[in-house]
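I opened this model to look up its aromatic pairs, its cores and its pockets. My entries follow the order in which I went through them.

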Amino acid sequence: MPRACRTGKTFNLSIPLDDNGPQIGFIPGRYNPIHKVFQINEVTLGDPDGTRFSDDQMDLALQACTHWDALSHSSYGGNLWNGHPADSITEAGAAKCGIGLVTSIVTRGVLLDVARHLGVDVIEAGTPFTGDLLDATCEAAGVTVEPGDVVLLRTGAMSLFLAGNREGYAMTNAGPSLQSVDWFHDHDVAAVATDNPTFECVDFERTVPLPVHALHLVEMGMMQGQNWNLDALAADCAADGRATFLLSATPEPVTGGTGAPVVPIAVN
C-alpha cells in the first residue's frame, strides 16, 4: 500500500460545537451543544491583583455533532454486537461495546466523493448507495479500498449546513442502502462516515427502521460516523487527483457512551 501522507496538508473534518448545530428537534434529547462560562476572570489563588482565570462547561448530546456511533448505539433482536445483551445498556451507560473501549483510530482514510462522481452539488434525498455505485466511484477516483481503511462518503449535504440551511440539511438522507452492506463487508472496511445526519438512505416505511445501522453495528461490528465536514478535503483531493490520506479519528473516551464526539483530522 502506498503511503497515505505525502504533502502534510491537514484538514479538520468536524463542525463547530455551538447552538447553531444540526439538531432541529427530530430526536428528543439530542439537542445542540449548550456552552456556559461559569467563571470569568476570577481570582482562584493568591494575590487578587495577580493571575485570574476563566472556565466553562458544555452540555453536549454525544451524537449531536461530528461523532462516531459506538457498537452499543444499535441493537436488534435483543442483542448488540458479538451477542452481548441489549439490556447491558442502562442509565449508567453501556456495560458492553461502549465508545470508551475504542482506544485509537489512526489509519488510511479513503474519500469516496459520490456527489462529485454523479456530477451534482448535493445528492437528491432518498438516493440509495449500492455496491455498484461505490465501485464506480472508486474506479472514477482511481482508488482501491483495502482492509482496515476508513471510508468517508461525501453526499454534498454538508454544504447545506455550512450555508445555514439546517432544515434542508436535516432532510438529506442519501447514503448507504441494504445493497451496499455486502460491499463494506467484502472490502473489510474498518469504519465508515458520512457528511449527513442520518448516515443511511432512510425508508420510513420499512418494518425495521435504519436497517443499515443494525447490520453495520450489530452484525458486522463496524462503527459509523455522521456530520463529518468533507468539503475542503474533497476539493483538495479533486485538485491533486488523490483520494487517500492519513486519518486520525479517535473518539472522546466517554466511558459507557453509545457514541462520542470526534475531531477527525485528515493529513494529505
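What follows are my notes, topic by topic.

**Ground rules.** I am working with a predicted model, in which local features need pLDDT of at least 70 and side-chain atom pairs count only at pLDDT 80 or more, while totals for chains, interfaces and linings use all residues. I number residues from 1 along each chain as its sequence is written, and my side-chain values use heavy atoms, with hydrogens and water left out.

**Aromatic pairs.** I paired rings of Phe, Tyr and Trp (its six-membered ring) if their centres lie within 6.5 Å, calling planes under 30 degrees apart stacked, over 60 edge-to-face and the rest tilted. By this rule I count three aromatic pairs. W68 and W228 have ring centres 4.9 Å apart and planes at 70 degrees, so I entered this pair as edge-to-face. For the elements I took DSSP runs numbered from the N terminus, with helices (H or I) of at least four residues and strands (E) of at least two. Because W68 lies in strand β4 (residues 67–69) and W228 in the loop between β12 (223–226) and α7 (231–240), the pair ties together parts that are 160 residues apart in sequence. I call a residue buried under 20% relative accessible area, exposed over 50% and partly exposed in between (1.4 Å probe, protein chains only). W68 counts as buried at 0% relative accessibility, and W228 counts as buried at 0% too. I also looked up W183 and F184, an edge-to-face pair with 5.2 Å centre to centre and 85 degrees between the planes; W183 is buried at 5% relative accessibility, and F184 is buried at 1%.

**Backbone.** Which residues have a positive phi although they are not glycines? I noted F199, with a phi of about 75 degrees, in the loop between β11 (191–194) and α6 (211–220), where F199 is buried at 0% relative accessibility. I also noted N227, with a phi of about 60 degrees, in the loop between β12 and α7, where N227 is buried at 1%. Glycines with positive phi turned up after two helices: G221 just after α6, at about 65 degrees, and G241 just after α7, at about 70 degrees.

**Helix α6.** I find α6 mostly covered, with seven of its 10 residues buried. These are P211, V212, H213, A214, H216, L217 and V218. With contact taken as heavy atoms within 4.5 Å, the buried residues of α6 pack against β4, β10 (175–176), α5 (181–186), β11 and β12.

**Cores.** I took a nonpolar core as a set of buried Ala, Val, Leu, Ile, Met, Phe, Trp, Tyr and Cys residues joined through side-chain atoms within 4.5 Å. The largest has 27 residues, and those with the most contacts inside it are L13, W68, L152, W228, L233, F245 and L247. β9 (150–154), β11, α7 and β13 (244–248) each supply at least two residues of this core, and α7 gives the most, with three. Apart from it lies another core, of 23 residues, among them V114, F129, A174 and A243. Within α7, I list D231, L233, A234, D236 and C237 as buried.

**R154.** I then turned to R154, which lies in strand β9 and counts as buried at 11% relative accessibility. Its contacts, not counting residues up to four places away in sequence, include D113, R116, D121, D195 and D231. The C-alpha atoms of R154 and A232 are separated by 11 Å, though these residues are 78 apart along the chain.

**Pockets.** On a 1 Å grid over the protein atoms alone, I took a pocket as an open set of points where a 1.4 Å probe fits, with protein on both sides within 12 Å along at least five of seven lines, and lining residues as those with an atom within 4 Å of a point. The largest pocket is lined by 25 residues, of which F26, I27, R30, P197 and T198 lie nearest its centre. For the second largest pocket I have 14 lining residues, and the closest to its centre are D113, R116, A141, A238 and A243. β7 (106–113), α1 (114–118), α2 (131–141) and α7 each supply at least two residues of that second lining.
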